[in-house]
Amino acid sequence: MTDNQNENSQKEIDELSGVETTGHDWDDGSLKELNNPAPRWWLWVFYISVIWSVGYWVVYPAWPMLNGATEGTKGWTSYKKLAAEQAEIFDRQKVYLDRFEGASFDQIMADEELYAFAVAGGNSAFKDNCATCHGTGAEGRKGYPNLNDDDWLWGGTIDDIYQTLRYGIRSGHDEERLSEMPAFGKDELLEDEEIQAVTSFVLSMSEEGHNEGHGDLAKGATVFEEQCAACHGEKGEGGRDFGAPRLNDAIWLYGDTYDDVYQMVYNSRAGVMPAWVNRLDDNTIRQLAVYVHQHLGGGEQDGTEEESMDEEEIMDEEAMAEEAVSEDAVVQDVEEEAPVVEEPPMPESSSPAEATEELENGNVPEQGSETLPETQEPEHDGEAEPAEPEAGAEEPAEPEAGAEEPAGK
Ligand code: HEC
Ligand code: HEC
C-alpha cells in the first residue's frame with residue numbers, strides 16, 4: 001500500500017503492517033482484517049478459468065434444458081463414452097465368449113483358458129448378484145448357505161449347481177427346486193413335548209453331540225423316525241431330493257442352539273433363492289456354476305457323492321475345503337490360482353450396480369427374521385452387457401450422478 005492511499009482512506013490503518021483494514025475486527029479489536037488486494041497470479045488464474053469455462057460450455061454439454069443438457073459441439077455424452085468403453089470390452093471378451101458358448105462343462109474344465117475365463121467372469125458376476133445374500137466370500141450366514149463347504153442342500157455336482165442357479169429354490173419358477181418342511185408346532189402336528197424331545201434328539205445326533213434342553217431322547221428318536229426321517233434320512237444324513245439339510249454334521253443353516261432348532265421344528269422355514277434364468281444370460285450362469293463348483297471348493301464330481309460323505313466324517317471342515325480345492329486342481333490339471341488371479345481375461349460382468357443395489361434396498365430378507373423371504377426380484381437389466389468389474393461398479397453411476405457433464409475434465 002502506498003502512503004497516498006493511506007492518507008485518503010477513511011478506514012483504519014493497521015499499525016504493524018501499515019495496511020488498511022476492512023473495519024472488521026474480532027476479540028474486542030485485537031484481531032483485524034487487512035484489506036490486501038488479491039495477488040496478481042491469483043487474478044490471472046481466475047480470468048483464465050472464466051475464459052476456459054466459456055469455451056467448455058460451447059464444446060461440451062453444459063446447460064440443463066428440459067430434455068437433458070445442451071449438446072455441445074463435440075457431441076460428447078457420458079452415455080456415449082460408456083457405450084464405447086463397453087463395446088471395447090465386449091470385443092475383447094468375444095473371442096472367449098464364442099468358444100465358451102458351445103463348450104460343455106467338461107470341455108471348459110479341460111481348457112485352461114476357458115476355465116480361467118469362466119472363473120473370472122463367475123467371480124465378478126458373483127460379486128454383483130450373489131454376494132448380497134451369500135457374502136462376498138460365499139461364506140453364507142444364517143439362512144443363506146455357505147457355498148465353500150461340502151455341505152450341499154440340493155447337490156454339489158456342477159449340473160446340480162447349474163440347475164439350482166437357473167431355476168432357483170422356492171423361487172416361483174416352474175422348474176424351481178421346491179420342498180417344504182411342515183411347521184410341526186404352528187400347525188399342531190406335534191405336541192410341544194414331542195417337539196422338545198425331537199429337538200434334543202436332533203442336537204444329540206449332530207457332530208457336536210451336545211444335548212441341551214430336556215427332551216426325552218428315546219421319545220425324540222421315535223418322533224424323528226416317524227416324522228422327519230422321510231426327508232432328513234434315517235440317520236439324519238440329509239435328503240437332497242427335498243433340500244433337507246444333513247442334521248448329523250456340524251453345519252447348520254439356521255443355527256445350532258436348542259432354541260434355533262426348536263424354532264425350526266415349530267415354525268419351519270423355507271429359504272428362497274431367486275431363479276436367474278431370466279436375469280442372467282446362459283453364459284453368465286454357466287460361468288457362475290463353474291465358479292461355485294470349481295473355484296469356491298466343495299464341488300462334487302458326478303457319482304462321488306457317497307465318497308465325499310465318508311471323507312467328510314473323517315476330516316474337519318476346513319481341511320476338507322482345502323482338500324477339495326487342491327483335488328479339483330489336480331483332477332482338472334489346472335493351476336488353481338495362477339491363471340485365475342494373475343491374468344484373468346476380461347470377465348463378463350453382467351450387471352451394473354443396480355442389481356446389487358436393488359437387493360440391498362429391500363429385496364434381501366432380514367437375517368434370521370421370522371418372516372420368510374418373499375420371492376426375490378433382484379432386477380437385472382444388463383443381460384449381456386459386458387463391463388469390467390470395477391467399471392461395472394462405477395461407470396453406470398456416472399450418467400445419473402453427473403447428468404451430462406463430462407467427468408474427469
Ligand atoms: C436373495 C438372496 C439370494 C441371492 C441373491 C442368491 N442366493 Fe443362492 N441361495 C439363497 C438361499 C436362501 C439359499 C438356500 C435355499 C434353501 O434354504 O434351500 C440359496 C442356495 C443356493 C445354492 C444351493 C446350495 C446348496 O447347498 O445346494 C447355490 C449353489 C446358490 N445359492 C448359489 C447362488 C449364486 C451363484 C447366486 C448369484 C447368482 C445366488 N445364489 C444368489 C439366497 C440367495
Ligand atoms: C417334507 C420334508 C421335511 C420333513 C418331513 C422335515 N423336514 Fe426338516 N427340513 C426340511 C427342509 C427342506 C429344510 C431346509 C429348509 C430351508 O432350507 O429353508 C429343513 C430344515 C430343518 C432343520 C434346520 C437344519 C439346519 O441346518 O439349520 C432342522 C433342525 C430340521 N429340519 C429338523 C426337522 C425335524 C426335527 C423334523 C421332524 C419333526 C423335520 N425336520 C421334518 C424338510 C423336512
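Ligand 2 is surrounded by 26 residues in this predicted model, and the closest of them are Met 181, Cys 228, Cys 231, Tyr 254 and Gly 271. By class, this shell is made up of 20 nonpolar, 5 polar and 1 charged residues. At least two shell residues come from each of helix H8 (192-205), helix H9 (217-232) and helix H10 (258-267), with H9 supplying the largest share, 6 residues.

Away from the ligand, the description turns to the nonpolar cores. The largest of these has 31 residues, and those with the most contacts inside it include Ala 118, Val 119, Leu 288 and Tyr 291. Two or more residues of this core are given by each of helix H3 (78-102), helix H4 (105-110), helix H5 (112-129), helix H7 (158-167) and helix H11 (282-295), and H5 gives the most, with 8 residues. Once its neighbours within four places in sequence are left aside, Ala 118 is in contact with Phe 100, Ile 108, Gln 287, Val 290 and Tyr 291. A second core, separate from the largest one, has 17 residues, among them Phe 184, Ala 197, Leu 203 and Val 261.

Confidence in the prediction also needs attention: the mean pLDDT of the protein chain is 77, and 70% of its residues reach 70 or more. Two stretches with low values are set out below, with their contacts beyond near neighbours in sequence.

| Stretch | pLDDT | Contacts in the model |
|---|---|---|
| Residues 1-9 | below 50 | 7 contacts |
| Residues 304-409 | below 50 | 159 contacts |

Where pLDDT is low, the predicted coordinates should not be read in detail.

Conventions: Residues are numbered from 1 along each chain as its sequence is written. Chains are lettered from A and ligands numbered from 1 in the order in which they are written. This is a predicted model: local features need pLDDT of at least 70, side-chain atom pairs count only at pLDDT 80 or more; totals for chains, interfaces and linings use all residues. pLDDT is the predictor's confidence in each residue, from 0 to 100. Two residues are in contact if their C-beta atoms, placed from the backbone, lie within 7 Å. A nonpolar core is a set of buried Ala, Val, Leu, Ile, Met, Phe, Trp, Tyr and Cys residues joined through C-beta atoms within 7 Å. A residue is buried if 20 or more other C-beta atoms lie within 10 Å of its own, exposed if 12 or fewer, and partly exposed in between; C-beta atoms are placed from the backbone. Helices (H or I, at least four residues) and strands (E, at least two) are DSSP runs, numbered from the N terminus. A residue is near a molecule or strand if its C-beta atom, placed from the backbone, lies within 6 Å of it. Ala, Val, Leu, Ile, Met, Phe, Trp, Tyr, Cys and Pro count as nonpolar, Asp, Glu, Lys and Arg as charged, and the others, Gly among them, as polar.
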